[in-house]
Amino acid sequence: YSKHVRIALLLPCLYTELNQPEVLGHILDEISHVNYLRSVVVAFGGTDDESQFVRAKDYFGRLKDRGRNVKLVWVDGPRVQRVLEEMRNRSITTGEPGKGQSVWISLGYLFARAECEVIALHDCDILTYNRTLLARLIEPVANPNNDFQFSKGYYPRVSSADRVLKGRVTRLFVTPLCDAMCRVMRDRGFPALENFFRYHGAFKYPLAGEFSFTARLARSIDFAYDWGLEVATLSEVYKRTNLRKISQVALAGNYDHKHQNLSAEDPNRGLHKMIVDIGKFYFNYIRSHGFSIDDCFVDMVCCTYYENAKRFIKIYSDDAEINALGYDRHEEELSVRYFRNFIATAWEQCKENQSGSMLPSWNRVLYGVPDLYERLMRAVEDDNR
């Protein structure tokens with residue numbers, strides 16, 4: 001397929017991940033055997049130290065090959081930061097540092113180069129990575145015999161070490177919440193919002209960080225700069241394209257990566273922040289589509305979600321027993337109690353900041369700074385010299 005379409009891979013990576021060669025090193029070794037990528041762009045963040053950036057350039061240099069371009073977008077570096085500052089001077093939202101902002105600015109660089117029609121994205125903390133995962137992720141969109149514009153990866157989340165169910169935020173929060181909101185919106189006569197939550201609930205793993213899309217679609221969608229990145233991207237795809245052009249693909253027989261702590265007392269870390277950010281996105285989406293929200297409605301959502309989550313916990317417990325998996329049902333029920341409270345926190349933050357966490361599409365950005373592609377490309381190329 002790469003004879004007909006140019007394919008790029010975008011890798012969001014923090015400097016700290018360079019210190020895990022058994023994970024990142026293995027991923028790069030696998031990618032180095034792939035011969036269909038026209039370019040690899042690393043959305044590199046987590047440091048403003050030039051010596052660390054130089055180390056990262058050397059580290060990812062192993063991916064360079066004849067016909068394959070490799071570039072690092074040093075998001076925290078002075079050149080890219082000047083580009084972001086120019087955007088802010090033109091009243092363009094650039095968000096806050098994090099994966100979402102890094103992915104967004106790196107996509108801008110890819111669009112500036114205008115050398116790809118298909119873009120794939122996956123994280124750099126996958127413990128069970130192999131290059132078949134990448135091929136399966138890209139194939140639905142790159143295949144010229146298909147008509148898909150977006151492909152979302154999914155996979156079982158069972159720890160290979162201790163054989164227990166993982167993926168708590170999807171299992172215990174997003175899935176039961178979307179299921180509950182479908183019923184709430186149906187009963188209140190809002191079919192558009194019912195269909196929206198049904199769409200999200202139809203994804204087997206909506207929080208997976210692995211997806212591919214056409215460059216044309218990618219240029220038209222807004223991106224979230226916080227932990228709402230994955231659900232926000234699904235929502236933008238829902239808005240921008242036909243459902244028949246969206247696919248899901250099983251990437252691997254099993255999947256494991258680093259896990260976040262619950263951080264029950266700190267709303268700025270771990271699963272606590274992830275759930276608050278996702279909750280904020282959903283609340284803002286509901287409000288922006290004609291549904292009025294107040295404290296009583298949010299209280300109802302918290303209670304409805306909690307009861308529904310307990311029903312899902314029984315299902316997971318049954319699944320674990322028949323598959324001989326470790327499952328701490330008591331701990332799972334404690335988690336959903338916390339998650340219920342995190343929903344209320346999300347609402348309080350929504351009331352304080354109604355602007356949301358969405359970054360404008362690159363089609364929109366260029367209206368504010370017409371020569372931005374040239375500036376961004378010059379900044380990244382100078383960093384990589």
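This section describes helix H12 and two loop residues, Asp48 and Thr241, in a predicted model. Local features were taken at pLDDT of at least 70 and side-chain atom pairs at pLDDT 80 or more, whereas totals for chains, interfaces and linings use all residues. Residues are numbered from 1 along each chain as its sequence is written, and side-chain values use heavy atoms, without hydrogens and water.

Helix H12 spans residues 329-352; helices (H or I, at least four residues) and strands (E, at least two) are DSSP runs numbered from the N terminus. From first to last C-alpha, the 24 residues of H12 reach 35 Å, close to the expected 34 Å, the expected span being 1.5 Å times one less than the number of residues. At the N-terminal end, Asp328 caps H12 through a side-chain oxygen 3.3 Å from the backbone nitrogen of His330. Buried residues (under 20% relative accessible area, with exposed over 50% and partly exposed in between; 1.4 Å probe, protein chains only) of H12 include Val336, Phe339, Ile343 and Trp347. The buried residues of H12 pack against helices H6 (168-187), H10 (270-288) and H11 (295-322), contact meaning heavy atoms within 4.5 Å.

Asp48 lies in the loop between strand E2 (39-45) and helix H2 (50-60) and is exposed, at 62% relative accessible area. Beyond residues up to four places away in sequence, Asp48 touches Trp74 and Asp76. The C-alpha atoms of Asp48 and Pro78 are 7.9 Å apart, with 30 residues of separation along the chain.

Thr241, in the loop between helix H9 (229-240) and strand E8 (246-250), is buried at 12% relative accessibility. With residues up to four places away in sequence left out, Thr241 touches Gln149 and Ile246.

Conventions. Polar contact = N/O pair within 3.5 Å; in protein donor to acceptor, adjacent residues only side chain to side chain.
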